[in-house]
Amino acid sequence: MKANLVAARFKTLDLGDVPHSRNGKHRAIVSLILRDLEQLKPGSALRVPLAELGGTKENVRSALNRATRNAKRSVATATDENFLYVWNVSKA
């Protein structure tokens, strides 16, 4: 039986060279928020200026929500005209 071989259209690489994590565009701000949440005292909240988010507050909140779910952390958020507020929620 004769097999018809066709040249591959796309390049190949080893699986070890394939990126297995997603570095979204909000990764930097979400990482900073998570780092600051680690050091946050109970009963306190972070106040992040909306101008520093680098995107819409809705998109950053979504990215933060995904990151905290993956890390099995419980946080809450609120916003006003100028700030995004983020705080740790105790698991009671």
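# Worked exercises on a predicted model

Asp36 and Arg35 are joined by a salt bridge, with 3.3 Å between the closest N and O atoms. Keep in mind that this is a predicted model.

## Exercise 1: Salt bridges

Find out how many salt bridges the structure holds, and work out which one links distant parts of the chain.

*Solution.*
- Step 1. Start with the count: the structure has two salt bridges.
- Step 2. Take the pair you have already met. Asp36 is partly exposed at 30% relative accessibility, and Arg35 is partly exposed too, at 46%.
- Step 3. Now go to the other pair. Glu38 and Arg73 meet through their side chains in a salt bridge, 3.0 Å from N to O. This pair ties together distant parts of the chain: Glu38 belongs to helix 1, Arg73 to the loop between helix 2 and strand 2, and they are 35 residues apart.
- Step 4. Check how open the two ends are. Glu38 has a relative accessible area of 60%, so it counts as exposed, while Arg73, at 22%, is partly exposed.
- The general idea behind both: side chains of opposite charge can pair when their charged atoms come close.

## Exercise 2: An unusual phi

Look at the loop between helix 2 and strand 2 and say what stands out about Lys72.

*Solution.*
- Step 1. Place the residue: Lys72 sits in the loop between helix 2 and strand 2.
- Step 2. Recall the usual pattern: most residues other than glycine have a negative phi.
- Step 3. Compare. Lys72 is not a glycine, yet its phi is positive, near 55°.
- Step 4. Add its surroundings: Lys72 has 67% relative accessibility, and the cut-off for exposed is over 50%, so Lys72 counts as exposed.

## Exercise 3: Building the sheet

Work out the strand order of the sheet and decide which strands stand at its edges.

*Solution.*
- Step 1. Pair strand 1 with strand 3 (residues 83–88): they run antiparallel and share four bridges. Within this pairing, Pro49 has Phe83 of strand 3 as its bridge partner.
- Step 2. Pair strand 2 with strand 3: five bridges join them, again in the antiparallel sense. Here Thr77 has Val86 as its bridge partner, and Ala76 stands opposite Trp87. Strand 2 and strand 3 form a hairpin with three residues between them.
- Step 3. Put it together: the three strands make an open sheet in the order 1-3-2, with antiparallel pairing. Strand 1 and strand 2 (75–79) are at the edges; each has a single partner strand, so one side of each lacks a neighbour in the sheet. On average, neighbouring strands are turned by 25° against each other, direction ignored.
- Step 4. Add the helix: helix 2 (residues 57–70) lies across strand 2 and strand 3, at about 175° to strand 2.

## Exercise 4: Two faces and a ring

Sort the residues of strand 1 by face, covered or uncovered, then see what Arg47 lies over.

*Solution.*
- Step 1. Use the rule of thumb: in a regular strand, side chains alternate between the two faces of the sheet.
- Step 2. Apply it to strand 1 (residues 46–49): Leu46 and Val48 are on the covered face, Arg47 and Pro49 on the uncovered one.
- Step 3. Follow Arg47: it lies over the face of Phe83, 4.5 Å from the ring centre.
- Step 4. Stay with that ring. The structure holds one aromatic pair. The pair is Phe83 with Tyr85, and it is tilted, with 6.1 Å between centres and 50° between planes. Tyr85 is partly exposed, at a relative accessible area of 22%.

## Exercise 5: A histidine before the helix

Decide whether His26 is buried or exposed, and list what it touches.

*Solution.*
- Step 1. Locate His26: it is in the segment before helix 1 (27–39).
- Step 2. Read its accessibility. The value is 10%, and buried means under 20%, so His26 is buried.
- Step 3. List the contacts. Leaving out residues up to four places away in sequence, His26 touches Leu53, Gly54, Gly55, Asn59, Val60 and Ala63.

Methods: Residues numbered from 1 in each chain as written. Predicted model: local features only at pLDDT ≥ 70, side-chain atom pairs only at ≥ 80, totals over all residues. Heavy atoms only, no water. Buried < 20%, exposed > 50% of the residue type's maximum accessible area, 1.4 Å probe, protein only. Pairing = 2+ DSSP bridges. Phe/Tyr/Trp six-rings, centres within 6.5 Å; stacked < 30°, edge-to-face > 60°. Lys NZ or Arg CZ within 6 Å of the ring centre and 35° of its normal. Contact = heavy atoms within 4.5 Å. Axes fitted to C-alpha atoms, helices over the stretch in contact; angles between N-to-C directions. Salt bridge = Lys/Arg side-chain N within 4 Å of Asp/Glu carboxyl O.
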